[in-house]
Amino acid sequence: MKQFFSFVIKEAKHIIRDKRTMLMLFGMPTAMMLLFGFAITNDVRNVRTIIVMSNADYATQEVVDRLGASEYFTISKMVATPSEAEKAIQNQQADMAIVFPHDFASRRTGLQFIVDGADPNMAQQWSTYANAVITNPKGGVTNTKLLYNPQMKSTYNFVPAIMGMLLMLVCAMMTSISIVREKEKGTMEVLLVSPTQPLMIIIAKVIPYLVLAFLILITILLMSVFLLGVPVQGSLFWIFGISTLYILLALSLGLLISNIAKTQLVALLMSAMVLLMPIIMLSGMVFPVESMPQILQYVSAVIPTRYYIIAMRKLMIMGVGIEQVLNETLILAGMLIVLLSLSLAMFKKRLE
């Protein structure tokens, strides 16, 4: 056991001495939280809006004032014809235009939205928000109640996703590179012929990354609450419990990559292809899985991060109990068993 702890301390000192690794491990979570929390957002704010109307009656002006008073729209200017509005949108002077018919006061219908559809998702949101503001004045008949995220902040959606991505990258990518580095230098063979069991050596090498993963998890949770204002509604016990399961799964995947890759470059490329791009594109982190083509939904079903993100969104944002995330937990546990068994089987085969 003394030799085991010596290996753990050795690997920890190696990580601490590598300034680039430390910068990546702690700089990347901070940078990504700031980017996704403040810079990268799909919130609807300050949409530059042109008003097209030929008759400035009281009813029209009331709607225009309501749009201008909302936090979603900024009235850029008023024009007389739709062609003028389209030209302004084409020149990037506005994002959308609202065309009022000449008899709007009597009909209260017939509005037309002219929207910059270069980004279809945002165009749909702008139209939905504008329609809601126009048709739902104070005291109107429509009453919308938003559960769990009444302010409709995109950070509520991004924080669990960032947790899933960073924990996977740190545990899988950094672990695989660390083991492959030992192979490249020829020191792994020296370690494996030592009196300590080879499996214990591997465990000792991944323990520092396990500790770092928990430090990153705690950092993300603290930043989300105190910096981004994202509440943690659910049980911290289950959040850390499912995160532990996910971290062990990621470490198993890192061990599997290290068994296949022969150089650090190959390990890095494999991690990028197997982990980074699928996590960002197919896990539901940015794009809803339900909106993907059917074949990509099948591919997404084998990505562990997808289930971790779903579980964390339910636990953190919705504040549900473990019974509501039992399905995702069982899937992660099954994936852990499969990956760990495969990794250990390939590792033993390599030793032979």
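Helix axes are lines fitted to C-alpha atoms over the stretch in contact, and the angle between two of them runs from 0 to 180 degrees between N-to-C directions. The exercises below concern a predicted model.

**Exercise 1. Describe how α7 and α13 pack against each other.**

Solution. Two packed helices are described by the angle between their axes and the distance between the axes. For α7 and α13, the angle is about 140° and the axes lie 9 Å apart. Angles over 145 degrees count as roughly antiparallel, and 65 to 115 as roughly perpendicular, with oblique for the rest outside the roughly parallel range under 35. The pair α7 and α13 is therefore oblique. Their crossing is right-handed. On the α7 side, the residues in contact include Y156, P160, M163, G164 and M168. On the α13 side, P304, T305, Y308 and M312 are among them.

**Exercise 2. Determine whether T305 is buried or exposed, and list what T305 touches.**

Solution. Begin with the location: T305 belongs to helix α13. The cut-off for buried is under 20% relative accessible area. T305 has 0% relative accessibility, so T305 counts as buried. Leaving aside residues up to four places away in sequence, T305 touches G164, M165, M168, Y246, I279 and S283. Of these partners, G164, M165 and M168 also appear in the α7 face that meets α13.

**Exercise 3. Identify the members and contributing helices of the largest nonpolar core.**

Solution. The largest nonpolar core has 66 residues, and M163, M168, I242 and Y308 touch the most other members. Two or more residues come from each of α2 (19-39), α7 (155-185), α9 (198-226), α10 (236-260), α11 (264-282), α13 (304-318) and α14 (326-351). The greatest contribution is that of α7, with 18 residues. A second, separate core holds 19 residues, including I51, M53, F100 and W126. Returning to I242, its contacts beyond four places in sequence are Y308, A311, M312, L315, I322, V325, T329 and L332.

**Exercise 4. Compare the surroundings of L25 and E328.**

Solution. First, place each residue: L25 is in helix α2, and E328 is in helix α14. Next, apply the cut-off of under 20%. L25 is buried because its relative accessible area is 1%. E328, at 8% relative accessibility, also counts as buried. Then turn to contacts, not counting residues up to four places away in sequence. L25 touches I15, V170, M174, L212 and I216. E328 touches Y307, I310, A311 and K314. Finally, consider a separation along the chain: L25 and L167 are 142 residues apart, yet their C-alpha atoms are separated by 9.9 Å.

**Exercise 5. Relate the annotated transmembrane regions to the model.**

Solution. An unreviewed UniProt entry places the feature "transmembrane region" at residues 21-40, 158-180, 206-230, 236-258, 265-289 and 325-347. Two of these spans can be examined in turn. Residues 206-230 are 84% helix and 0% strand, and their end C-alpha atoms lie 31 Å apart. Residues 265-289 are 72% helix and 0% strand, with end C-alpha atoms likewise 31 Å apart.

**Exercise 6. Summarise the chain: how many helices and strands are there, and what share of the residues is buried?**

Solution. The chain has 14 helices and 4 strands. Of its 352 residues, 45% count as buried. For contacts between residues at least 6 apart in sequence, 75% join residues at least 24 apart.

Notes
Residues are numbered from 1 along each chain as its sequence is written. This is a predicted model: local features need pLDDT of at least 70, side-chain atom pairs count only at pLDDT 80 or more; totals for chains, interfaces and linings use all residues. Side-chain values use heavy atoms; hydrogens and water are left out. UniProt positions are given in the numbering used here, feature names are shortened, and annotations may be inferred rather than shown by experiment. A nonpolar core is a set of buried Ala, Val, Leu, Ile, Met, Phe, Trp, Tyr and Cys residues joined through side-chain atoms within 4.5 Å. Buried means under 20% relative accessible area, exposed over 50%, partly exposed in between (1.4 Å probe, protein chains only). Contact means heavy atoms within 4.5 Å. A crossing is left-handed if the near helix is turned anticlockwise from the far one by less than a right angle, and right-handed if clockwise.
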